[in-house]
Amino acid sequence: MIRPDAELLLEINDLHASVEDKPILNGVTLHLKAGEIHAVMGRNGSGKSTLSKVLAGHPAYRVTSGSVRYLGRDLLELEPEERSRLGIFLGFQYPIEIPGVSNLEFLRVSTNARRQNKGQGELDTFDFDDHVRERLQVVQMDPAFLERSVNEGFSGGEKKRNEILQMALLDPVVAILDETDSGLDIDALRIVAGGVNQLASPDNCTLLITHYQRLLDEIIPDYVHVMAAGRILRTGGSELALELEKTGYDWVDQQLAAEGVG
Amino acid sequence: MAMTEAWLTQLPDPTGALEPVQRRGRLALTEQGFPSRRQESWRLTDLKRLEALFQLSLANDSSHVSIPDSWPTVPEQALRLVVNNTNDPLAGFDLPEGISILEGVELEQALGHTLSRCQCASEWPVELNHGVNQQILALRIRGKVPPIELVTFATDAMFMPTRVLLLVEEKAELEVLQVVIAKGHAAHSHLLEIHLGQESKVQHGLLALGEGKESLLANMAIEQEVRSHYSMVAVSHGWSFGRLEPNVVQVGGQASSSIHGLSVTAADQQFAVHSTMRFEGPEGTLDQVQKTVAADRSHSIFNGAIQVPRQAQRTNASQLSRSLLLSGRARVDAKPELQIVADDVRCTHGATVSQLQEDQLFYLRSRGITESSAASLLLRGYCKEVLDLLPLDAASRWLDGALPEGETNP
Ligand SMILES: Nc1ncnc2c1ncn2[C@@H]1O[C@H](COP(=O)(O)OP(=O)(O)O)[C@@H](O)[C@H]1O
Ligand SMILES: [Mg+2]
C-alpha cells in the first residue's frame, strides 16, 4: 500500500559491499516506507542474497561505501542481534540447521529478545507455549516441529515455514524474505504467501526477494526492482514482474553492455 | 625408574582378595618402569602430570570420604552403589533378583579374564590399578535386572583406585551408569571388566566429571560373545589430565558394539581417549562417534584402533571423529588406526576438525541472540547429542541437562 505521507522505515543509499575483497554490491539505492511491499528480482548471482545479508549484518560482508538508515539510525553500526531486536528480520534463502538446539527453545529465546526491546515482558515457557501454538496457525505448521532441533531434517518447505513462523513471532518492522518461495509446492506457496500477507500491515514493510513471478501472484508488490551486477537497474510497479516473465532478462545484459558493465 | 620404585615401597602391604593381583601389579610396574614418550601410545602425553599422581595419598580403609548431599536421587527401581577403595560398596544392601556377588573361585576365574582377552592386562595404567587397588565390586547379572548406578567419588588430593567386574550371563540385560566424580585435585584410577554372554545386552554410560584440576585414568575392557549388544556412551569434562581407554573385543562375531564419546577440555587440560575395537569373528558391527570440544590452550587426543583380522569377514564398522576447536590455541590430535586383514569388510572412518560454524552463529544472532549466547547455545547443542544418549537419564539428573560452562578465555 503506497501512502505519500507514510513514514520512511529503511533508506538504502548507494550501498557498496564486498566479500573477500570482491565487490558484489555496486551502489544499491532503495527506500522502503511503512505499508509498502517491494519485490527485488534478478538472475542468480546478481547480488540479492548479498543485499539481504548486508542488511542483517552478516560479518563476512564488508560495506565499502554508502549508507543504510533505519528509523533514523545508522543500521550498519549495529550488531546483527541488535538489528533483530529493533525489528529487522531476514528470512533466509537457506535456513541453517542447528543440531541439538531445540526449535522451541530457540524460538522462545529470540522472541523474548525482541519483546524486551519493545518493552513487552518476557514470556515464560508456559505462556510462550500458548503464544507459539497460536502463531503456528499463520503458516499451518505442525506443532511436532517445535520439538525437533532447529531446521534439522526439515524439508525445504518446512524450513521456509519455520522462517515465516519466526517472522510471525518477531513481529518485524522490516521483513526481508530471501527466496521464500523456492522449494515450495503450490499449496505450500499459498500458505506461506497467506502468512506474509497476514503479517503485512500499515506499520511495517516487506522486501521480497524472488526470481519467479509466481510468488507475486499471491503477494502483490507495490514496487518491483530489477537487480543486476549488484545494483538496481530498473524500478516499476507490479506490471514489471509480468513483463519480466514474458521477456526474460536478456535486456538486462544489453543494458549492462551498453553501460560498459558486466 | 627410581620414582616408581620409591612410590611403590611406601605403599601399604598387599591385603584382601586382591592381594596376589597387587603383588603382581607392583612387580610389573617395577619391571616396566615409567611410561616414556618414545612409546607410541604415550607420545603426546604430558608425562609430568602422570608423575604428579605419585604426590597424592592413596585412598584406603582409613581415608574418610563423605558423600555430598548434592547428588541427585536415584531413579525408581535403580540400584545405586558407591564404589571406592575405602569400604564395601555392598554393605547393607539386599541385592535385587538377578544380581549376585561374585566371590571365591568364581571371582578368581573371572578376574582379569576380560583384560587378557582385550590384550590390555599389562598396560601401565592397568598395572598401576592392579598394584594399589584392594577392593573390587564383582557382580553376576542374570535375566533382566534393574538399572545400576555406580558412583565413584574422590576428593582432597587423594588417589582413588577402583575396580568393577560385571559378568553378564547369556540373554541377560543390563543398564549401567558409572558416575566418576573428583574434586580438590584428586585422581581416579579405574578398571572395569564387562563380560557379555551370548545374546546379552548392555547399555553402559560413563559420566566423568572433574572440576578442572583432577586426574582420571580409566581402562575399560569389554568382551562380547556372539549376538550380544553392547553400547557405551562416555562423557568426560573438567579433567586436568585424563586418559580413557575403552577396549572392546567381539570374540565370536555377529555382535554389535556402539561407542559414543564426548570429551570436553578447557584451560590447559589434556584428555586422551584411546579406544580399541577388535573383531575376532565374522559379521560384527561397530558404530563409533567420538566428539571433542577443546577450548583455551587445552589438548584433546583421540586414537581409535579398529582391528579386523582374517576370521572377521563381513565386519561392518564405522568410526567418526568430530572435533570442535573453540580457540586458536587449543589442540586436537585425532587419529584412526585401522588394521584390516579380512577382505570382505565395510569399514568407514572420518575425522573433522572445525570451529563454531559462522553461518550457525549468524543465524542465531540474526534472531536477536547475542554472540556469546549463540556460541553457548551451539556448544550445548553439540554436546547434547551425546549427553542425551547416556542411560538412566544421567544428563538431566546429574547435569541439569548441560555440562557446566567454564570460563573460557579464548
Ligand atoms: N560468502 C561469499 N563468498 C564468496 N562469494 C560470494 C559470497 N556470497 C556471495 N558471493 C558471490 O556474490 C555474487 C552474488 O551472490 P548472491 O548475493 O548470492 O546472488 P543472488 O542471491 O542474487 O543469487 C555471486 O557471484 C556469489 O558467488
Ligand atoms: Mg540468493
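Me: How much space lies in the second largest pocket?
Reply: Start with the general idea. Rolling a probe the size of a water molecule over the atoms shows where empty space is left. Now this case, which is a predicted model. The second largest pocket holds about 630 Å³ of space.

Me: Which residues lie nearest the centre of that pocket?
Reply: Look at chain B. B:Ala17, B:Leu18, B:Val21, B:Leu107 and B:Leu111 lie nearest the centre. They belong to a lining of 29 residues.

Me: Which elements give two or more residues to that lining?
Reply: In chain B, four helices and a strand do so: α2 (19-32), α4 (104-110), α5 (113-117), α6 (124-132) and β4 (137-141). α2(B) gives the most, with 4 residues.

Me: How many residues of each class does the lining have?
Reply: Count 15 nonpolar, 8 polar and 6 charged residues in the lining of the second largest pocket.

Me: Now ligand 1. Which residues are closest to ligand 1?
Reply: The closest are A:Gly45, A:Lys48, A:Ser49, A:Thr50 and A:Tyr61. In total, 13 residues surround the ligand. By class, the shell has 3 nonpolar, 6 polar and 4 charged residues.

Me: Which element gives the most to the shell around ligand 1?
Reply: α1(A) does, with 3 residues. In chain A, β2 (22-33) and α1 (48-56) each supply at least two residues of the shell.

Me: Where should I look for polar contacts to ligand 1? Which atoms of A:Gly45 and ligand 1 lie 2.7 Å apart?
Reply: Look for N or O pairs within 3.5 Å. For A:Gly45, a backbone N or O atom lies 2.7 Å from an oxygen atom of ligand 1. A:Ser46 also places a backbone N or O atom by a ligand oxygen, at 3.2 Å. With A:Tyr61, the protein atom is an N or O in the side chain, 2.9 Å from a nitrogen atom of ligand 1.

Me: How much of the accessible area of ligand 1 does the protein cover?
Reply: On its own, ligand 1 has 550 Å² of accessible area, and the protein covers 67% of that.

Me: Last topic: aromatic rings. How many aromatic pairs does a search of the whole structure find?
Reply: First, the idea. A pair of aromatic rings is described by the distance of the centres and the angle of the planes. Here the search finds 12 pairs over all chains. One of them joins B:Phe34 and B:Phe54. Their centres are 5.9 Å apart, with 65° between the planes. That pair is edge-to-face.

Me: Where in chain B do B:Phe34 and B:Phe54 sit?
Reply: B:Phe34 is in the loop between α2 and α3 (47-51). B:Phe54 is in the loop between α3 and β1 (57-58). The two are 20 residues apart, and the pair links distant parts of the chain.

Notes:
Residues numbered from 1 in each chain as written. Chains lettered and ligands numbered in written order. Predicted model: local features only at pLDDT ≥ 70, side-chain atom pairs only at ≥ 80, totals over all residues. Heavy atoms only, no water. Near = heavy atom within 4 Å. Polar contact = N/O pair within 3.5 Å; in protein donor to acceptor, adjacent residues only side chain to side chain. Areas by Shrake-Rupley, 256 points an atom, 1.4 Å probe, with all protein chains shown as cover. Nonpolar A, V, L, I, M, F, W, Y, C, P; charged D, E, K, R; others polar. 1 Å grid on protein atoms, 1.4 Å probe; cavity = no way out; pocket = protein on both sides within 12 Å on 5 of 7 lines; lining within 4 Å. Points joined across faces, edges and corners; volume = space filled by probe spheres on them. Phe/Tyr/Trp six-rings, centres within 6.5 Å; stacked < 30°, edge-to-face > 60°.
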